[in-house]
Amino acid sequence: MIVTTAALDEACRKLAQSEFVTVDTEFLRETTFWPELCLIQMASPDLEVLVDPMAKGLDLAPFFALMANPAVVKVFHAARQDLEIIYHLGKLIPHPIFDTQVAAMVCGFGDSISYDQLVQRTKNVQIDKSSRFTDWSRRPLSEKQLDYALADVTHLRDVYLSLRSRLDSEGRTTWVAEEMAILENPETYDVHPDDAWLRLKSRLRKPQELAVLKFVAAWREREARSRNVPRSRVLKDDAIYEIAQQQPKDTEALGRLRTVPKGWERSSSGAAIVEAVNAALALPKADMPHAPKHVHTPEGAQSAVELLKVLLRLISEQHGVAAKVIANSEDLDKIAVDGENAEVPALTGWRRDLFGEPALKLISGKVALRFADKKVEAVELEG
């Protein structure tokens, strides 16, 4: 295992000579806000590498340089968390990238297929999963653990080549490229603290409640980041909801809340919460946030949604593409209500050609669904 900067630099130089390199990381996140990087695995067609990012004095600069090298495709499976780690530590998004989970959905392997299932179906190889729940921060790692970790990138080479060949032969390479553009966008990983409230599953609707929710959630986000602890370690979601509803304007009122730990109101955090509440309530009414709008399906439109679901499943099965990657339920609701004016991914790019156009024809009466020979089929109507 590589434990020095010199060895890492030499390995990355060799890897950079290849057309592609497969990449995976092992990390822990149970007790921190930011993932703690514990192991890096990489492989090219003729080289396999394990890197110990916890090794004393190791500089990951050669690794980040490889990730930024535009001449080398970086291949991941379910890339989002790996990319988040690289973005946080290296301040860059690897480019270009190829996510085999996304490619597998485009190639008809179902929704969000796991790595071991994909290896089984493409290589007929069964991966030993007994080391899956390893504490990767402990040293030394056993040979069994290292073999398990390395398998995450060695089998990935053949998986990548198989999927790439399949995409090329079916003319779907550009489909995956559109999805990779989303994964390569820094905004995918850099959530602003002021937007943290949008991720909370709240039924609150009053502007004042939402303003307090927003301000307190933003305070928690900044606090968790600065202390590098999970959000729930700073303040639980239930407490934020109760604070938003009760709106305590002083520490005494904060201390009476059921979800706030006893004595917590006397801490600096308690004072910060009260300050956030009062700042939220001082906002002009016009500046207070409003609940995200949900598509209201008019009476009768639900029938159109049900027909669109049938059409989506039909097209998914016909073309061997996971329905999840073509359109989601929100897309279908908006198409049923707004038609051509619906601003949804399903009406853009390759999705429009595959599903969007037939969907618009269906709701406008130019396409019909019928059941014949024990199967559903779409039929274009004349006139």
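## A walk through the rings, cores and domains

Ring pairs join Phe20, Phe98 and Tyr160 into a cluster, and that cluster is a good place to begin our tour of this predicted model. In total, the structure has 8 aromatic pairs. One of them is formed by Phe33 and Trp34, whose rings meet edge-to-face, with 4.8 Å from centre to centre and 80° between the planes. The two partners have their own surroundings: Phe33 counts as buried because its relative accessibility, 6%, is under the 20% limit, whereas Trp34 is partly exposed at 21%.

Another pair brings together Tyr87 and Tyr189, this time in a tilted arrangement, with 6.3 Å between the ring centres and 40° between the planes. Here distant parts of the chain are linked: Tyr87 belongs to helix α3 (residues 80-90), while Tyr189 sits in the loop between α7 (173-183) and α8 (207-227), 102 residues apart. Although Tyr189 is in a loop, Tyr189 is buried, with a relative accessibility of 11%.

Now let us step back to the overall layout. The domain assignment divides the protein into domain 1 (5-188), domain 2 (193-282) and domain 3 (301-380). Taken over C-alpha atoms, the centres of domain 1 and domain 3 are 34 Å apart. Their contact takes 11 residues from domain 1 and 11 residues from domain 3.

What about the nonpolar interior? In soluble globular proteins, nonpolar side chains tend to be buried together. The largest nonpolar core in this model has 80 residues, and Met42, Ile335 and Phe355 are those with the most contacts inside it. Helix α13 (residues 301-319) gives the most to this core, contributing 7 residues. Domain 1 and domain 3 both supply residues to the core, so it lies between them.

To see part of this core close up, centre your view on Ile335. Leaving aside neighbours within four places in sequence, Ile335 is in contact with Leu308, Ala342, Val344, Ala346, Leu347, Phe355, Ala359, Leu360 and Ile363. Apart from the largest core lies another one, of 34 residues, with Val212, Ile240, Tyr241 and Val260 among them.

A charged side chain deserves a visit too. Arg351 is found in helix α16 (residues 349-363), and Arg351 counts as buried, at 9% relative accessibility. Which backbone oxygen lies 2.8 Å from a polar atom of the Arg351 side chain? The oxygen belongs to Val325. Beyond the neighbours within four places in sequence, the residues in contact with Arg351 are Glu178, Glu179, Val325, Ile326, Pro345, Ala346 and Gly356. Ala346 is therefore a residue to look for twice, as it is in contact with Arg351 and also with Ile335.

Finally, how many disulfides does a search of the whole structure find? The search finds 0. Take Cys12 and Cys38 as examples: the cysteine sulfur closest to that of Cys12 is in Cys38, but it is 18 Å away, which is too far for a bond because a disulfide needs the two sulfurs within 2.5 Å. Looking from the other side, Cys38 has its closest cysteine sulfur in Cys12, again at 18 Å. Both cysteines are out of the way of the surface by the accessibility criterion: Cys12 is buried at 4% relative accessible area, and Cys38 is buried at 0%.

Note on methods. Residues numbered from 1 in each chain as written. Predicted model: local features only at pLDDT ≥ 70, side-chain atom pairs only at ≥ 80, totals over all residues. Heavy atoms only, no water. Core = buried A, V, L, I, M, F, W, Y, C linked by side-chain atoms within 4.5 Å. Buried < 20%, exposed > 50% of the residue type's maximum accessible area, 1.4 Å probe, protein only. Helix = DSSP H or I, 4+ residues; strand = E, 2+ residues; numbered from the N terminus. Domains from an automatic or database assignment. Contact = heavy atoms within 4.5 Å. Phe/Tyr/Trp six-rings, centres within 6.5 Å; stacked < 30°, edge-to-face > 60°. Polar contact = N/O pair within 3.5 Å; in protein donor to acceptor, adjacent residues only side chain to side chain.
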